[in-house]
Structures are given as structure tokens and as C-alpha cells.
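I opened the model to look up its pocket, its charged pairs and a few backbone details. My notes follow in the order in which I made them.

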Amino acid sequence: MMVLVYALGTVLLTILSTILIIKYPISISKPTARGLHDEPIPSSGGIALLLSYISVSLLAVLTMGHSITLSSMILILIFGTLLGYLDDKYYLSKLIRFASQFVFALWIVSLNIELSIFLKIVWVLFIVYLINIYNFMDGIDGLATAQAIFVLLSMSILDYYYSIGHLIIFIIPLVVFLFFNISPAKIFLGNAGSYLIAILLSILFYKGSILDSNLANINYFASMLILLTVFICDATYTLISRFINQYNKSNFNLKQSLIKITTAHRLHNYQIMTIANNNHNKTTLQIMLYNFFWCLPLAYLLQIYEHLTLFFLFSSYLPYLILCYKNKSGIEK
């Protein structure tokens, strides 16, 4: 009964906080030539999600005697979301963003001091990259939110991760927010939301790697990469494609090229699909079908046929790589 009351409370809080931010925007996303929206829309929807997660933490403190320390997930989420909000509101410089992202990554990695220096570096780089690609992929209605729901649900299915009981507290606010975020979106996640989700997933992945000796389990990391196939593949392919495109120009300049390829654009595969579909929801649905009926089964099979790790990982990425190539992702026309 208590769980049901708590779940309903979380639903109502997320609805209320989201509606308030829509009615009284704390930041606005304005249309640009590089975007796929024609009207100003309230952003920083991640703040609404954060309020729900804060309520979860406070409930744990009040009812279960939990304490909040520097290693508490909620503190990292609060500061990460606030950084995203400041970026939404004031357009922080790339130097400040990257420096702050490295701080958050180091903070997360410090949760386990027993890691070797090499693994710490790998995890820091992965977390910073995940934060950035999640930001890159938050360009159409519903996609980034739906992807987070997919990853969390998949974690509850796969043996390497957590039970649904552990993850439902994160899933409920995302599902509620998705109703406001699908096309035509009434609110965007904004950088506040993309930072929040990327940091949340990073913490869960990182902590999961420490559970049940997963730290030494290559299949654990392979399953993690499979669940993130679309985001990693789309963002990485597009970045490389754009860099090669710049490199092939006669006036190639490394510094200017790096600045250009990290500047907002509409050349990601999911953006090209959306333009072709003329429908945000159709693209999001297509990608979720790919996730649930291709990536998730491969991640599940990976647990059974552990000697076929590379095969399942390759199989997960290949179709989407082909789609990126076919749609000429990253190539300016």
C-alpha cells in the first residue's frame, strides 16, 4: 500500500512540476535554422524530473533513515542538472561545460576508490562522452526521454543490473514527463534534462559494474554498449563523418574543424529520419522498435552465449551504421 501511495505521489509531483515549468518557463528554447522546431518552447524540463528525484531521496531520509553525503547520487544529479539549466539559460562556454563534465565524471568515479588508474581514466572519458552524446541526441520530441526509459527497463530485465524495484523510482517520472515531451512537445528536456539523464545512467552503469564482480565481466560492458547502440552509433558516426568532410576541404584547419563539428546542426541520422518522416513521433517510435526488438534481445542473448560477445555487439551496431551511411549522416548538402 505504501509503495502505491508513493508511486501516485511521484506521478502527481512530476505532473505538477512539469505543468508549472510549462506555464512559468525558467528558460525558453528558440527556433533556429539548425533545429527542427518552429516555435519557442519551454525548456529545462529536467528540473521537473529533478524535483521528483529529490522527493524520492527526502522520503528515503525520512522513512528509512538514509543520510545524504558527498557520495549520494542525488547530490551529483542536483549539481549536474543545475549546470545544464545554467547552460540553457546563459549558454555557457564550451570550456566551462567540458571542465564541469570532467568534475562530475571524477565525482562519480570516486565512488569506488579501488579501481586502477587506467579504468578510472576509461570511465571518466566514457561518462563525459555519454553526457555529450545525450545532449547531441536530444534534438527531437520524446527521443531522449524514451531512450532513458528503454535503458532503465532493459536494466531491470538483464541479470547484470538491478531489479525493477530499484529502477521504478527513476522510470515513473520519465514516463510522466514523456506525455508532455512527445510531439507536439509542450516542454523540452533541455540541457538540464539531458545532463540529468546522462549522469543518472552513468551512475547506474558505474555502480552496476561494481556489483557481482561485473567490473571484470566484459559482457557487462558489452551489454551496456548494446543498450546505448543508437545514441553512441548516431553521435559517433556523425562526428567522424563531419570531421572527414572538413578534413577533405582544401582550407582544412584542425581547430576550426573541431569547433564546427561540435556546433549544433541537423545532420544526425535521427534528424534526417525526422525530416524524411515529417513527424517526430514516427522517428522516435522507429528507434524504440529498433531498441526493443533488436538491441535488447541481443543484450539478453549475450548473457546466455557469453563466448559470442563481439558478434552480438557487432550485430547491434551494424544495421544502424548502415542506416547512417545510407542517409549520409554528418554530410552537409
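Before starting I fixed one term: a residue is buried when its relative accessible area is under 20%, exposed when that area is over 50%, and partly exposed in between. The model is a predicted one.

**Entry 1, R242 and its partner**

I looked up R242 and found a relative accessible area of 6%, so R242 is buried. R242 is in helix 10. I then asked which residue forms a salt bridge with R242. The partner is E332, with the closest N and O atoms 3.4 Å apart. E332 sits in the segment after helix 14 (309–326), 90 residues from R242, and I noted the pair as a link between distant parts of the chain. E332 has a relative accessibility of 37%, so I put it down as partly exposed.

**Entry 2, the other salt bridge**

I asked how many salt bridges the structure holds. The count is two. Besides the pair above, I found R97 with D87, where the closest N and O atoms are 3.6 Å apart. R97 belongs to helix 4 and D87 to helix 3, so this salt bridge ties together parts that are ten residues apart in sequence. For D87 I read a relative accessible area of 5%, which makes D87 buried.

**Entry 3, D234**

I stayed in helix 10 (residues 229–247), where D234 also lies. D234 is buried but has no salt bridge. I looked for the nearest side chain of opposite charge and got R242, 11 Å away. A salt bridge needs a side-chain nitrogen of Lys or Arg within 4 Å of a carboxyl oxygen of Asp or Glu, so a separation of that kind does not qualify.

I then asked what the side chain of D234 contacts instead. One polar contact is with the side chain of H268, at 3.3 Å. In addition, a polar atom of the D234 side chain lies 3.1 Å from the backbone nitrogen of Y270.

**Entry 4, the largest pocket**

I took the volume of the largest pocket and obtained about 1200 Å³. Its lining comprises 41 residues. I asked which of them lie nearest the centre of the pocket. They are S29, N135, D138, N191 and A264.

By class I counted 15 nonpolar, 18 polar and eight charged residues in the lining. I also listed elements that each supply at least two lining residues. Among them are strand 1 (28–29), helix 3 (73–90), helix 4 (94–109) and helix 5 (117–136). Helix 8 (190–210) and helix 12 (269–277) are on that list as well.

**Entry 5, backbone details**

I checked where a peptide bond is cis and noted the one from S183 to P184, with omega near -5 degrees. P184 is in the loop between helix 7 (164–181) and helix 8.

I also looked up residues with positive phi that are not glycine. S44 has a phi of about 60 degrees. S44 belongs to the loop between strand 2 (41–42) and helix 2. Its relative accessible area is 0%, so S44 is buried.

K328 has a positive phi of about 55 degrees, and it is not a glycine either. K328 is in the segment after helix 14. At 48% relative accessibility, K328 is partly exposed.

**Entry 6, C-alpha separations**

I looked up three pairs, to set distance along the chain beside distance in space.

For S52 and P173, 121 residues apart along the chain, the C-alpha atoms are separated by 6.7 Å. S52 is in helix 2. The relative accessible area of S52 is 0%, and so S52 is buried.

L51 is also in helix 2, which I have as residues 46–64. L51 has a relative accessible area of 40%, so L51 is partly exposed. I asked how far the C-alpha atom of L51 is from that of I113. The separation is 30 Å, with the two positions 62 residues apart along the chain.

The last pair was L13 and I78, which are 65 residues apart in sequence and 17 Å apart in space, C-alpha to C-alpha. L13 is in helix 1 (residues 2–23). With a relative accessible area of 28%, L13 is partly exposed.

Note on methods: Residues are numbered from 1 along each chain as its sequence is written. This is a predicted model: local features need pLDDT of at least 70, side-chain atom pairs count only at pLDDT 80 or more; totals for chains, interfaces and linings use all residues. Side-chain values use heavy atoms; hydrogens and water are left out. On a 1 Å grid over the protein atoms alone, a cavity is a set of points where a 1.4 Å probe fits but cannot get out, and a pocket is an open set with protein on both sides within 12 Å along at least five of seven lines; lining residues have an atom within 4 Å of a point. Grid points are joined across faces, edges and corners, and a volume is the space filled by probe spheres set on the points. Helices (H or I, at least four residues) and strands (E, at least two) are DSSP runs, numbered from the N terminus. Ala, Val, Leu, Ile, Met, Phe, Trp, Tyr, Cys and Pro count as nonpolar, Asp, Glu, Lys and Arg as charged, and the others, Gly among them, as polar. Buried means under 20% relative accessible area, exposed over 50%, partly exposed in between (1.4 Å probe, protein chains only). Lys and Arg count as positive and Asp and Glu as negative; His and the chain ends are not counted. A polar contact is a pair of N or O atoms within 3.5 Å; within protein, one must be able to donate a hydrogen and the other to accept it, and residues adjacent in sequence count only if both atoms are side-chain atoms.
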